[in-house]
Amino acid sequence: MMRTRYVTELESVRQNLIEMGATTLELLGEALRAVVNPNPESAAKASELESQTDHQHRVIHDQCLNLITLQAPVARDARLVTAVLDAIVDLELIGDYAYEMVVLAASKHGRPPTQMLNQICEIGAKIQEILSTAIQSWRDSDRALALSARPREAAVRAECHALSEKVSQLTNAPGDVTAYVNLLLICRHLERILRHAVCLAEQAAEASPPVS
């Protein structure tokens with residue numbers, strides 16, 4: 001009976017992590033839409049989702065601490081709990097950066113060229129796909145899928161760097177360059193989100209059984 005309850009609690013932790021991942025993925029999508037078309041509705045939705053990720057983080061963190069205190073998991077179970085504790089930190093940070101992107105996009109200091117905004121969204125879509133892969137690898141306990149995230153990171157990071165360099169040059173132009181400064185910050189937030197998404201995938205690999 002005790003073992004059954006313990007297994008159920010472990011699975012509840014994993015499912016709650018997957019739900020937090022889905023919320024974070026939705027928040028990133030909202031942020032990317034806000035970059036192109038900032039509006040009060042998008043900002044309100046993003047704020048709601050960001051608060052939801054904070055709440056989910058607290059719930060999962062408390063679940064993990066209870067498991068560690070009361071059950072003292074070992075071996076694979078301990079790896080799962082440890083990976084979850086690391087993963088929820090990455091997910092919360094992704095949510096924070098995504099919400100900050102919405103705030104920056106809503107700034108009333110002009111708008112960068114549409115071409116640049118579209119580039120941001122194209123890069124963001126690739127990062128969104130990597131984040132989706134990470135969450136799916138948690139859902140399926142798929143180690144091979146999880147390990148597929150890291151090789152994709154370099155190319156996306158290079159695209160982000162290239163756009164950042166282009167935007168950085170524009171921040172030195174005469175006049176009000178606030179819109180370009182905000183866009184540069186958005187680029188950097190996307191890089192950070194990319195890093196955390198890859199970490200999330202690697203934590204899933206750590207928690208998953210080895211490929212036989």
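1. In the residue classes used here, Ala, Val, Leu, Ile, Met, Phe, Trp, Tyr, Cys and Pro count as nonpolar, Asp, Glu, Lys and Arg count as charged, and the others, Gly among them, count as polar. With those classes, the lining of the largest pocket is made up of six nonpolar, three polar and five charged residues. The structure is a predicted model, and the points below should be read with that in mind.

2. The largest pocket holds about 250 Å³ of space, and 14 residues line it, with Glu-11, Arg-14, Arg-76, Asp-77 and Leu-80 lying nearest its centre. At least two lining residues come from each of α1 (2-36), α3 (75-105), α4 and α7 (178-207), while the largest share, five residues, is supplied by α1.

3. The second largest pocket has a volume of about 180 Å³, and its lining consists of ten residues, of which Arg-5, Glu-9, Asn-66, Leu-70 and Gln-71 are found nearest the centre. Here α1 and α2 (40-71) each contribute at least two residues to the lining, so that α1 takes part in the linings of the largest pocket and the second largest pocket. By class, the lining of the second largest pocket divides into five nonpolar, three polar and two charged residues.

4. Turning from pockets to enclosed space, the count comes to one cavity of 30 Å³ or more, and the largest cavity has a volume of about 110 Å³. The lining of this cavity is formed by 13 residues, and those nearest its centre are Leu-104, Ala-105, Pro-112, Ala-179 and Asn-182. The elements that give two or more residues to this lining are α3 and α7, and α7 gives the most, with four residues. Eight of the residues lining the largest cavity are nonpolar, four are polar and one is charged.

5. A separate point concerns the backbone at Ser-141, a residue of the loop between α4 (114-140) and α5 (143-147). The phi angle of Ser-141 is near 50°, which is a positive value in a residue other than glycine.

6. Is Ser-141 buried or exposed? Ser-141 has a relative accessible area of 30%, and because buried means under 20% and exposed means over 50%, with partly exposed in between, Ser-141 is classed as partly exposed.

Methods
Residues numbered from 1 in each chain as written. Predicted model: local features only at pLDDT ≥ 70, side-chain atom pairs only at ≥ 80, totals over all residues. Heavy atoms only, no water. Buried < 20%, exposed > 50% of the residue type's maximum accessible area, 1.4 Å probe, protein only. 1 Å grid on protein atoms, 1.4 Å probe; cavity = no way out; pocket = protein on both sides within 12 Å on 5 of 7 lines; lining within 4 Å. Points joined across faces, edges and corners; volume = space filled by probe spheres on them.
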